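Colleague: I'm new to reading protein models, and I'd love a guided close look at one part of this one. Could you pick a spot where charged side chains pair up and walk me outward from there?

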Amino acid sequence: TGMIVLWCVGLGLHATARTFGTLAWGRVILGIGQSGVYPALSRASRCWFPAGTRTTAQGWIGVFSGRMGGVSASVLIGYLVLGTWNIPWQTAVSGLAVSGILLALVFAVVYRNSPARHPAVNAAEVELIQQGEATDTNTRRLSFRELFQRMSGRSVRNLLSLNGQMLLSAAADDIFAGWIPTFLSVVHHLKFQEMGIYWALPLVGGALGGATGGWLNDLLIRRTGNRRWSRTGVGAAGKGTAGVLLLFGLLWYDQPYTFCVILFFVKFFSDWSLATTWGAVTDISGRDTATIFAFNNAVGTLGAVIAPMIYGPIAQHAGWKPVFVTGAGIYFLCALSWLLFNSTIPVMRDEPAAPADPG
């Protein structure tokens, strides 16, 4: 609840800023508020969903819902509010901040950290969700220093391979987060109203891919009994296919609408591995899911920080086609990094491994 309020304050400062300093603080506060969202969601999914359906739920919650939020922003704000109604962007941003505060109030009233503490959940439901897993939310906070002290060399290498794919994934996906609207405007001279729906297409693909990937993870684990290669197979196949399709899409580089349709499929396959990442973190981290997820997410954020420093100069000096070729190459490296990861190796020595399987 506190994080939602904090990021709404940061968002509101964007609309009211009269100086660069105020705008900078708005960016910092927004980032701090949102930094804990996905770790908290990962923890919540572990507490509220049985292991056999958890990755499916994570795909719907963490990827589908998140991407559909991006779709809503591009269509409602870019196409409708700015492009059609000509409402000032400051008003639109203020409206988002106010709606977020209302969400925080609803969340505070409805949500509980554990199903055992929710008045609408009965004992049979709690037993079904927990299935023998410890979900006590009163465990002592684990620091990053303690985390590394309790890790073996094998688990460190395993975690680093997961961190590596997260960093590479974030770097490749930065094309969709920050550069597609610029590309459509600079290269094809599209206006807000023209680009709104097509800009949103890759995000729709990512939303559907996330839901599909989560379901596919749980299906493969049930059918094969092999947790390691179910996770690795979905993750590597998704990123590899995204890289191939991104290169294929360059055949329609001069046709922006067709190109964006192909980007729909690029993002579909790229994001079906995001639910895999969520499931993999849950597999290896035990009760410290939020801590491990936060660390993995922090490393991934470096990819989003580095990516503009790569794509910007490439676009400026070599053109936009090399930007997409670079993104495809990063997808291929991300696929390779999945092959090094084993979701049955727990992060900490005294944590039980994920359910045993032939992997």
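Modeller: Happy to: we will start at one charged residue and then follow its surroundings step by step.

Please keep in mind that this is a predicted model. Our starting point is Asp283, which sits in helix α12 (residues 274-285). Is Asp283 buried or exposed? Asp283 counts as buried because its relative accessibility is 11%, and the cut-off for buried is under 20%.

Now look for partners. Side chains of opposite charge can pair when their charged atoms come close. Asp283 meets the side chain of Arg227 in a salt bridge, with 3.0 Å from N to O. Arg227 belongs to helix α10 (residues 227-249), and 56 residues separate the two partners, so this pair links distant parts of the chain. Arg227 is buried as well, since its relative accessible area is 10%.

Asp283 also forms a salt bridge with Arg231, and here the closest N and O atoms are 2.8 Å apart. Because Arg231 lies in helix α10 and Asp283 in helix α12, this pair ties together parts that are 52 residues apart in sequence. Like Asp283, Arg231 is buried. Try finding Arg227 and Arg231 on the helix in your viewer. An α-helix has 3.6 residues a turn, so residues three or four places apart point the same way.

Stay with Arg227 for a moment, and turn from its side chain to its backbone. The backbone oxygen of Arg227 lies 3.5 Å from a polar atom of the Ser343 side chain. Ser343 is found in the segment after α14 (321-338). With a relative accessible area of 0%, Ser343 is buried.

How many salt bridges does the whole structure hold? A search finds 4. Another of them joins Asp271 and Lys267, at 2.8 Å from N to O. This pair makes a nice contrast with the ones we just saw: Asp271 and Lys267 both lie in helix α11 (residues 256-271), 4 residues apart, which is about one turn of the helix. Both Asp271 and Lys267 are buried. Through salt bridges that share partners, Asp173, Lys267 and Asp271 are joined into one network.

Next, let us move from charged side chains to nonpolar ones. In soluble globular proteins, nonpolar side chains tend to be buried together. Here the largest nonpolar core has 28 residues, and Trp320 and Phe324 have the most contacts inside it. Helices α10 and α11, which we have already met, each give two or more residues to this core, as do α8 (153-186), α13 (289-318) and α14. The biggest share comes from α8, with 9 residues. To see how Phe324 fits in, leave aside its neighbours within four places in sequence: Phe324 is then in contact with Ile175, Ile180, Phe183, Leu246, Leu250, Tyr253 and Phe259. A second, separate core has 16 residues, including Ile292, Phe295, Val299 and Trp338.

Where do α10 and α14 come together? Ala328 is a good residue to check, and its place is in helix α14. Ala328 is buried because its relative accessibility is 1%. The C-alpha atoms of Ala328 and Leu247 are separated by 6.5 Å, although the two residues are 81 apart along the chain. Beyond its neighbours within four places in sequence, Ala328 is in contact with Gly243, Leu246 and Leu247.

For a last stop, go to Phe293 in helix α13. Phe293 is buried, with a relative accessible area of 4%. Its C-alpha atom is separated from that of Pro39 by 5.2 Å, and these residues are 254 apart along the chain. Not counting residues up to four places away in sequence, Phe293 touches Tyr38, Pro39, Ser42, Trp278 and Val281. Pro39 and Ser42 are among the buried residues of helix α3. That helix, residues 37-48, has 12 residues and reaches 16 Å from its first C-alpha to its last, close to the 16 Å expected.

To retrace the route, begin again at Asp283, which has salt bridges to Arg227 and to Arg231.

Definitions and conventions: Residues numbered from 1 in each chain as written. Predicted model: local features only at pLDDT ≥ 70, side-chain atom pairs only at ≥ 80, totals over all residues. Heavy atoms only, no water. Expected span 1.5 Å × (residues − 1). Buried < 20%, exposed > 50% of the residue type's maximum accessible area, 1.4 Å probe, protein only. Polar contact = N/O pair within 3.5 Å; in protein donor to acceptor, adjacent residues only side chain to side chain. Contact = heavy atoms within 4.5 Å. Core = buried A, V, L, I, M, F, W, Y, C linked by side-chain atoms within 4.5 Å.
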